[in-house]
Amino acid sequence: MSSTKLPIHAQFPTASQIVYGCMGLGGSWDDQPYQANHVAQAQQVIETALESGITIFDHADIYTRGKAEKVFGEVLKQQPSLRDGMIIQSKCGIRFMDETNPGRYDFSKEWVTHSVEGILQRLNIEHLDMLLLHRPDPLIDLEELTQTLNQLQASGKVGHFGVSNMNLHQMAYLQQGLNSPILVNQLEMSLGKLDFLNSGVMVGTQGDERNDFTSGTLEYCQTNKVQLQAWGCLAQGRFAEQGLQSSDDAVRATSEYVAQLAADYGVSSEAIVLGFLKRHPANIQPVIGTTNLDRIRACAQMNHVDLTREQWYKLFVLSRGVALP
Ligand SMILES: NC(=O)c1ccc[n+]([C@@H]2O[C@H](COP(=O)([O-])OP(=O)(O)OC[C@H]3O[C@@H](n4cnc5c(N)ncnc54)[C@H](OP(=O)(O)O)[C@@H]3O)[C@@H](O)[C@H]2O)c1
């Protein structure tokens with residue numbers, strides 16, 4: 001798909017820059033079972049993604065309460081050869097609320113092992129290429145967790161590990177006990193969620209106390225060859241056609257410029273929004289969550305976008321809505 005060299009290419013040379021996020025597959029988030037139409041949807045989405053050059057598929061055990069993995073696994077059961085062209089990652093560590101407990105995080109040996117068994121079973125695979133820890137568990141027992149992960153790797157059930165929504169300190173702490181390098185960190189980053197950039201440019205300047213990105217995380221990942229993946233990368237379509245009508249001046253101005261760049265490059269607005277992430281020197285992988293087949297194809301046009309420094313900064317500043325310090 002793209003000739004860009006990504007950090008993840010050291011382990012997965014066929015990895016595409018765009019990752020397909022499977023959170024929208026499998027129907028509803030309630031206990032209703034999935035239907036045949038959900039399997040058909042998954043099949044169309046998988047085929048469209050692969051045809052568009054997308055080779056990485058992102059799951060989590062919680063997506064639509066396991067149904068996203070189940071419908072994906074149904075497709076793999078029907079067409080086992082599809083697996084050969086795929087790199088599959090899933091996540092664990094988040095638990096839903098139940099009768100007696102609130103929603104919580106769980107990095108215990110029992111939960112992580114149980115979760116991986118469930119992931120493999122639902123996806124109909126014997127080997128998961130990457131397992132990501134979904135959100136940091138404050139009650140982490142480093143020794144217990146890393147021994148569990150090392151064992152999962154030694155058993156051949158999981159190839160590599162990554163994290164999600166973790167800062168550099170949490171990554172460094174976890175890395176101490178792992179037998180192999182953390183490959184991925186998945187965080188919310190987009191033209192609409194700029195904290196990952198604002199945390200860097202506001203050093204020494206009175207800033208926005210609502211910034212939720214830990215400074216140094218990008219640099220840690222780049223130094224340690226950790227692949228950054230951006231969830232929420234399309235900002236739910238905020239800068240597409242709908243943005244042109246926005247009552248928010250910054251969103252409207254950004255959307256107008258996105259539309260202008262899309263016309264100049266001869267691509268979709270989605271390709272420009274993703275191109276903003278692609279231009280970053282960390283070679284960020286956008287994780288796209290659309291289930292619209294045309295939009296998947298529109299996203300793949302990102303490969304034809306190579307924003308200039310000036311175009312990138314104009315997008316950044318327009319979306320910030322405030323000049324840089
Ligand atoms: N690690 C984490 O904590 C975490 C958290 C959330 C998500 N994720 C992963 O990241 C993936 C993407 O996340 P996401 O779904 O929140 O983000 P996203 O890809 O930015 O947003 C997708 C949503 O935006 C809509 N959308 C996108 N472009 C649009 C447009 N031009 N016009 C109208 N609607 C548009 C899509 O609708 P259509 O389907 O109609 O196109 C879809 O509902 C997920 O699938 C999941 O794999 C990870």
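1. D106 and its contacts. In this predicted model, D106 touches G93, R95, W111, V112 and D137, leaving out residues up to four places away in sequence. D106 sits in the loop between strand 5 (104-105) and helix 3 (109-123). Is D106 buried or exposed? The relative accessible area of D106 is 13%, and buried means under 20%, so D106 is buried. Two side chains make polar contacts with the side chain of D106: that of R95 at 2.8 Å, and that of S108 at 2.7 Å. R95 therefore appears both in the list of residues that D106 touches and as a polar partner of D106.

2. P138, another loop residue. P138 is found in the loop between strand 6 and helix 4 (142-154). Its relative accessible area is 71%, and exposed means over 50%, so P138 counts as exposed. Along the chain, P138 and Y105 are 33 residues apart, and their C-alpha atoms are separated by 8.1 Å.

3. Strand 6 and its partners. Strand 6 covers residues 128-133 and is mostly covered, with six of its six residues buried. Which strands does strand 6 pair with? One is strand 3 (residues 87-92), joined to strand 6 by four bridges, and these two run parallel. Within this pairing, Q89 stands opposite M130 of strand 6. The other is strand 7 (residues 158-164), which is joined to strand 6 by five bridges and also runs parallel to it. Here L132 stands opposite G162 of strand 7.

4. Helix 8, its length and ends. Helix 8 is made of residues 249-265, 17 in number. From its first C-alpha to its last, helix 8 reaches 24 Å, close to the 24 Å expected at 1.5 Å a residue. At the start of helix 8, a side-chain oxygen of D248 comes to within 2.9 Å of the backbone nitrogen of A250. After helix 8 comes G266, which has a positive phi, near 70°.

5. The two sides of helix 8. Which residues of helix 8 are buried? They are A250, V251, T254, S255, Y257, V258, L261 and A262. Why can these be said to line one face of the helix? Seen down the axis of helix 8, the buried residues fall within an arc of 170°, so they line one face. On the other side of helix 8, D249, A263 and D264 are exposed. The buried residues of helix 8 pack against two helices, helix 9 (269-278) and helix 11 (309-320).

6. L191, a buried loop residue. L191 is found in the loop between strand 8 (184-188) and helix 6 (195-201). The relative accessibility of L191 is 0%, and the cut-off for buried is under 20%, so L191 counts as buried. Leaving aside neighbours within four places in sequence, L191 is in contact with F239, T254, V258, V273, F276, L315 and S319. Among these, T254 and V258 are also on the list of buried residues of helix 8. L191 and F239 are 48 residues apart along the chain, with 8.5 Å between their C-alpha atoms.

7. The nonpolar cores. The largest nonpolar core has 87 residues. Which residues have the most contacts inside this core? They are Y20, F72, F276 and I288. Helix 9 gives the most to this core, with six residues. Apart from this core lies another, of 12 residues, including A15, V19, L183 and V184. As background, nonpolar side chains tend to be buried together in soluble globular proteins.

8. I288 in detail. Not counting residues up to four places away in sequence, I288 touches I18, V19, Y20, G21, I54, C233, L234, L274, I296 and C299. Y20 is thus named twice: as a residue that I288 touches, and beside I288 among the residues with the most contacts inside the largest core.

9. E270 in helix 9. E270 lies in helix 9. With a relative accessible area of 10%, against a cut-off of under 20%, E270 is buried. Outside the residues up to four places away in sequence, E270 touches L234, R295, A298 and C299. The side chains of E270 and R295 are joined by a polar contact of 3.5 Å. How far apart in space are E270 and C299? They are 5.4 Å apart, C-alpha to C-alpha, and 29 residues apart in sequence. L234 and C299 are also among the residues that I288 touches.

Technical notes: Residues are numbered from 1 along each chain as its sequence is written. This is a predicted model: local features need pLDDT of at least 70, side-chain atom pairs count only at pLDDT 80 or more; totals for chains, interfaces and linings use all residues. Side-chain values use heavy atoms; hydrogens and water are left out. The expected span of a helix is 1.5 Å times one less than its number of residues. Buried means under 20% relative accessible area, exposed over 50%, partly exposed in between (1.4 Å probe, protein chains only). The arc is that of the directions from the helix axis to the C-beta atoms. Contact means heavy atoms within 4.5 Å. A polar contact is a pair of N or O atoms within 3.5 Å; within protein, one must be able to donate a hydrogen and the other to accept it, and residues adjacent in sequence count only if both atoms are side-chain atoms. A nonpolar core is a set of buried Ala, Val, Leu, Ile, Met, Phe, Trp, Tyr and Cys residues joined through side-chain atoms within 4.5 Å. Two strands pair if DSSP finds at least two bridges between them.
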